[in-house]
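Trainee: Could you walk me through a structure? I'd like to start with the overall layout and then go into details.

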Amino acid sequence: MTTHQEDGWQEIRDGVRALCERFPDAYWRDKDRERAYPAEFVAALTEAGYLAGLIPETYGGSGLPLSAAVAILSEIHRSGGNGAACHAQMYTMGTVLRHGSDDQKARYLPEIAAGRLRLQAFGVTEPGSGTDTTSLKTFARRDGDRYVINGQKIWTSRAEHSDLMLLLARTTPREETAKRTDGLSVFLVDLRETIGKGITIRPIRTMMNHATTEVFFDDLEVPAAALIGDEGKGFRYILSGMNAERILIAAECIGDARWFIDRATAYAGDRRVFDRPIGQNQGIQFPIAEAYARTEAANLMVTKAASLYDSDQPCGPEANMAKLLAAEASWQAADMCVQTHGGFGFAEEFDIERKFRETRLYRVAPISTNLILSYLAEHVLDLPRSY
Ligand SMILES: Cc1cc2nc3c(=O)[nH]c(=O)nc-3n(C[C@H](O)[C@H](O)[C@H](O)COP(=O)(O)OP(=O)(O)OC[C@H]3O[C@@H](n4cnc5c(N)ncnc54)[C@H](O)[C@@H]3O)c2cc1C
């Protein structure tokens, strides 16, 4: 069985694992079957203060560095749980913290830290723009002391379980801007006041339990005070949070990969076929060992990226590589784990098929493997831009 003392934050890891023991496989299996939101788990994490870990102490949080959040999310996934129900709060909060006004920070952050407000929804992707974010069409028109917003988002996860949504919208048409990244703005939309009054949310059923939705804006009015930072500079505000997002999702993938490796190792030792444990066959043990090596290598990149982030150094390449390598490692470990379990890999009660479906997401979202490779080719290796 693998141990990971060397990853640090052991006290936090132990605390998260103890909390996760209250939410065993059967809990997640039932939620998955019903496509139900794990509200009890999110409430327990909030109550224990883990979701406020990154909020500075002045605003009621614990003021922990990103590497502590890496430990929290990684251990949730290693325990068989799924941080996707609430992970966004950890990185969307950063946009308010870095770019919000003093007033916005004082109003929202202590409430989020106390668990009285949920900032779980992040509306960027649109059906027509996809990965090409700057071509998004949702438009916020200034009208006196308010903005009127029209458009549509897709894959806005947790919108039904959030009080606030961080929304990226155009405030100047793309053709009127010097750069395509200009003219986008970020808004903090209070969903409690607006659902049914300009916002319609429709759930999308997916192959795993993810509480994702499409959101329609129809003459939604928000106060001008909902704007974060300067109008037109929203794209760079969102970008500044993306490294944290990538590192945290990579941490979840490391947790998933370790869960698959633990399960496969245990099963390979127990299951006897032809009068010997299947794990005695190199055809079974080599894929497990390979998954282990790839996971630990990917984890080194996650650790490096988090450490650069925490010391305020540039970490774009490392954050992207961490996400790429960890998502590939968890997917490989998932496939290996199904293969190791033979037919039982497909049985709901073994939970492997559930985790297999869950971890598959991260080769596509929040950024796909191809787009990370394009980023590395263009921005690190100086190759010509491909799109
Ligand atoms: C379950 C789920 C939850 C999500 N949650 C959120 C959320 O909370 N908020 C939010 O804003 N978004 C969310 N997303 C959206 C997610 O970020 C996007 O799905 C992802 O970025 C890919 O964009 P797309 O689906 O539009 O694919 P597309 O952009 O249509 O791309 C389709 C495929 O083509 C590839 N491709 C596109 N362009 C190129 C290129 N130039 N070179 C090579 N390959 C290319 C992509 O890699 C991808 O594999 C979620 C998605 C899912 C499925």
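Mentor: We can start with the domains, keeping in mind that this is a predicted model. The domain assignment splits the chain into domain 1 (5-113), domain 2 (121-235) and domain 3 (241-380).

Trainee: How many helices and strands does the chain have?

Mentor: There are 12 helices and 10 strands in the chain. The radius of gyration is 21 Å, close to the 21 Å from the globule rule for 387 residues, so the chain is as compact as a globular protein of that length.

Trainee: And what does the C-alpha trace span along its principal axes?

Mentor: About 80 × 50 × 40 Å.

Trainee: Back to the domains. How far apart are the C-alpha centres of domain 1 and domain 3?

Mentor: Those two centres are 20 Å apart. Across the contact, 24 residues of domain 1 meet 21 residues of domain 3.

Trainee: Which helix gives the most to the domain 1 side?

Mentor: That is α4, with 10 residues. The helices that each supply at least two residues to this side are α2 (25-34), α4 (66-78) and α5 (88-99). By class, the domain 1 side has nine nonpolar, 10 polar and five charged residues.

Trainee: OK, helix packing next. What do people usually quote for a pair?

Mentor: Two packed helices are described by the angle between their axes and by the distance between those axes.

Trainee: Then what are the angle and distance for α4 and α9?

Mentor: α4 packs against helix α9 (residues 282-310) at about 145 degrees, and the axes are 8 Å apart. L66, S67 and V70 of α4 make the contact with V302, A306, S307, Y309 and D310 of α9. Sorted by class, that contact has five nonpolar, two polar and one charged residues.

Trainee: What about α5 and α8, at what angle do their axes cross?

Mentor: Roughly 150 degrees, and the axes of α5 and helix α8 (residues 234-270) come within 9 Å.

Trainee: Left-handed or right-handed?

Mentor: The crossing of α5 and α8 is right-handed. On the α5 side the contact is made by M90, Y91, T92, G94, T95, R98 and H99, and on the α8 side by Y237, I238, S240, G241, A244, E245 and L248. The classes here are six nonpolar, six polar and two charged.

Trainee: One more pair. How do α10 and α11 cross?

Mentor: The axes of helix α10 (residues 316-341) and helix α11 (residues 352-360) cross at roughly 160 degrees and come within 9 Å. An angle over 145 degrees counts as roughly antiparallel, and α10 and α11 are therefore roughly antiparallel to each other. Their crossing is left-handed.

Trainee: Which residues make that contact?

Mentor: From α10, S330, W331, A334, C337, V338 and H341; from α11, I352, K355, F356, T359 and R360. That contact between α10 and α11 divides into six nonpolar, three polar and two charged residues.

Trainee: Changing topic: anything odd in the backbone?

Mentor: Two places to look at. For background, most residues other than glycine have a negative phi, and most peptide bonds are trans. R35 has a positive phi, near 50 degrees, and is not a glycine.

Trainee: Where is R35 found?

Mentor: In the loop between α2 and α3 (39-47).

Trainee: And the other place?

Mentor: The peptide bond joining A365 and P366 is cis, with omega about -5 degrees. P366 lies in a loop as well; that loop runs between α11 and α12 (369-380).

How values were computed:
Residues are numbered from 1 along each chain as its sequence is written. This is a predicted model: local features need pLDDT of at least 70, side-chain atom pairs count only at pLDDT 80 or more; totals for chains, interfaces and linings use all residues. Axes are lines fitted to C-alpha atoms, for helices over the stretch in contact, and angles run from 0 to 180 degrees between N-to-C directions. Helices (H or I, at least four residues) and strands (E, at least two) are DSSP runs, numbered from the N terminus. Angles under 35 degrees count as roughly parallel, over 145 as roughly antiparallel, 65 to 115 as roughly perpendicular and the rest as oblique. A crossing is left-handed if the near helix is turned anticlockwise from the far one by less than a right angle, and right-handed if clockwise. Two residues are in contact if their C-beta atoms, placed from the backbone, lie within 7 Å. Ala, Val, Leu, Ile, Met, Phe, Trp, Tyr, Cys and Pro count as nonpolar, Asp, Glu, Lys and Arg as charged, and the others, Gly among them, as polar. Domain bounds come from an automatic or database domain assignment. The radius of gyration is taken over C-alpha atoms; the globule rule is 2.2 Å times the number of residues to the power 0.38.
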